[in-house]
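Dear colleague,

I am handing over the structure below, together with notes on its salt bridges, its pockets and a patch on its surface. Please read them with the coordinates open beside you.

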Amino acid sequence: HTLQADYTTPIGKMHTVETGVKYILRNNTAEDDRFQRAAGQQTDYEFDEDHSSHYKHLNDILAAYAGYSLKVKKLSGRLGVRYEHTIQNVKYLLGKGDNFKKDFDDVVPSASIGWKLTDMSNLRLGYNMRIYRPGIWALNPYLNDADPSYISRGNPELDSEKSHAFNLSYSNFIQKFNVNISARYSFTNNSIENVTRLMPDTEIEGLKNPTGKDVLYSTYANIGKTRYASVNGYVNW
């Protein structure tokens, strides 16, 4: 369910101010049932409560934003900022998992400036930031040791990924000919990546009955760095 309210008003002929709030409520449930052969049976299966899980995933997002736009002759510009508070809440109804909660606070800015070269052509430069929140399984601290040689768990200390993007575009529209050329560069310094390493199981916190053998241990961390550049062109005649 989403609740939203927005307000926009011009101030004179050159200025526009806008603001708004949004509240998103998500309520999901999941049931992962496992069965195993009953003792001494070849065809009969019985419910395996130890390796099954039922849980609720509650995800609430509260956001507020403000924006300002300016238009002076051939120049136009816009500044904006958005604040988001996210609540992730997981409650286990059945299974070994432990209830956990994770909150995120993110400030997301944006800016753009445009120049009207002629009545039909424009040049625009913009910046925006996007956030990507980690999913439930990347956060879940439950230690999965069903396979004693490959042990995994989530990381509840993960932060939101923050991707920064810069755009430069030129467009020209006349009656019989249209052209649009844009260049984009974006980067992320804290993307969420799966990390797996070989280590003695005695060093894995919370593992019951360690053997001292080396095992593969998998989790998640904000260690990724990405760079992306592109140029796009569109012509219509």
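E84 and R82 form a salt bridge in this predicted model, and the closest N and O atoms of the pair are 2.7 Å apart. The two partners differ in their cover, since E84 has a relative accessibility of 9% and counts as buried, while R82, at 30%, counts as partly exposed. The side chain of E84 also meets that of R133 in a salt bridge, again with 2.7 Å from N to O. Because E84 lies in strand β6 (residues 75-94) and R133 in the loop between β8 and α1 (136-139), this second pair ties together parts that are 49 residues apart in sequence. R133 has a relative accessible area of 30% and is therefore partly exposed, given that this class runs from 20% to 50%. Taken together, R82, E84 and R133 are linked in a network of salt bridges.

A further salt bridge joins K162 to D106, with 3.4 Å between the closest N and O atoms. Here K162 belongs to strand β11 and D106 to strand β7, so the pair ties together parts that are 56 residues apart in sequence. The acidic partner, D106, is buried, with a relative accessible area of 2%, whereas K162 is partly exposed at 27%. The count of salt bridges in the model comes to five.

Turning to the pockets, the largest has a volume of about 430 Å³. Its lining is made up of 23 residues, and R34, W137, N140, Y142 and N144 are those that lie nearest the centre of the pocket. The elements that contribute two or more residues to this lining are β9 (144-147), β10 (150-152) and β13 (214-236), and it is β13 that gives the most, with three residues. When the lining of the largest pocket is sorted by class, it has 12 polar, six nonpolar and five charged residues.

The second largest pocket has a volume of about 260 Å³. The residues that line the second largest pocket are K96, D98, P141, Y142, L143, D145, R153, E205, G206, L207 and K208, and by class they divide into six charged, four nonpolar and one polar. You may wish to look at Y142 in particular, as this residue is among those nearest the centre of the largest pocket and is also part of the lining of the second largest.

On the surface, there is a nonpolar patch formed by M14, V72, L75, I113, W115, L117, L123, L125 and L168, which together have about 730 Å² of accessible area. Strands β7 (100-116) and β8 (121-132) are the elements that give two or more residues to the patch. Another of its members, L168, is placed in strand β11 (residues 161-173) and is partly exposed, with a relative accessible area of 43%. Strand β11 thus appears twice in these notes, as the place of L168 and as the strand that holds K162, the partner of D106 in β7.

With best wishes

Notes
Residues are numbered from 1 along each chain as its sequence is written. This is a predicted model: local features need pLDDT of at least 70, side-chain atom pairs count only at pLDDT 80 or more; totals for chains, interfaces and linings use all residues. Side-chain values use heavy atoms; hydrogens and water are left out. Patches are made of residues with over 30% relative accessible area and no salt bridge: like charges are joined within 9 Å, nonpolar side chains (Val, Leu, Ile, Met, Phe, Trp, Tyr) within 5 Å. Accessible areas come from the Shrake-Rupley method with a 1.4 Å probe; for residues, only the protein chains shown count as cover. A salt bridge is a side-chain nitrogen of Lys or Arg within 4 Å of a carboxyl oxygen of Asp or Glu. Helices (H or I, at least four residues) and strands (E, at least two) are DSSP runs, numbered from the N terminus. Buried means under 20% relative accessible area, exposed over 50%, partly exposed in between (1.4 Å probe, protein chains only). On a 1 Å grid over the protein atoms alone, a cavity is a set of points where a 1.4 Å probe fits but cannot get out, and a pocket is an open set with protein on both sides within 12 Å along at least five of seven lines; lining residues have an atom within 4 Å of a point. Grid points are joined across faces, edges and corners, and a volume is the space filled by probe spheres set on the points. Ala, Val, Leu, Ile, Met, Phe, Trp, Tyr, Cys and Pro count as nonpolar, Asp, Glu, Lys and Arg as charged, and the others, Gly among them, as polar.
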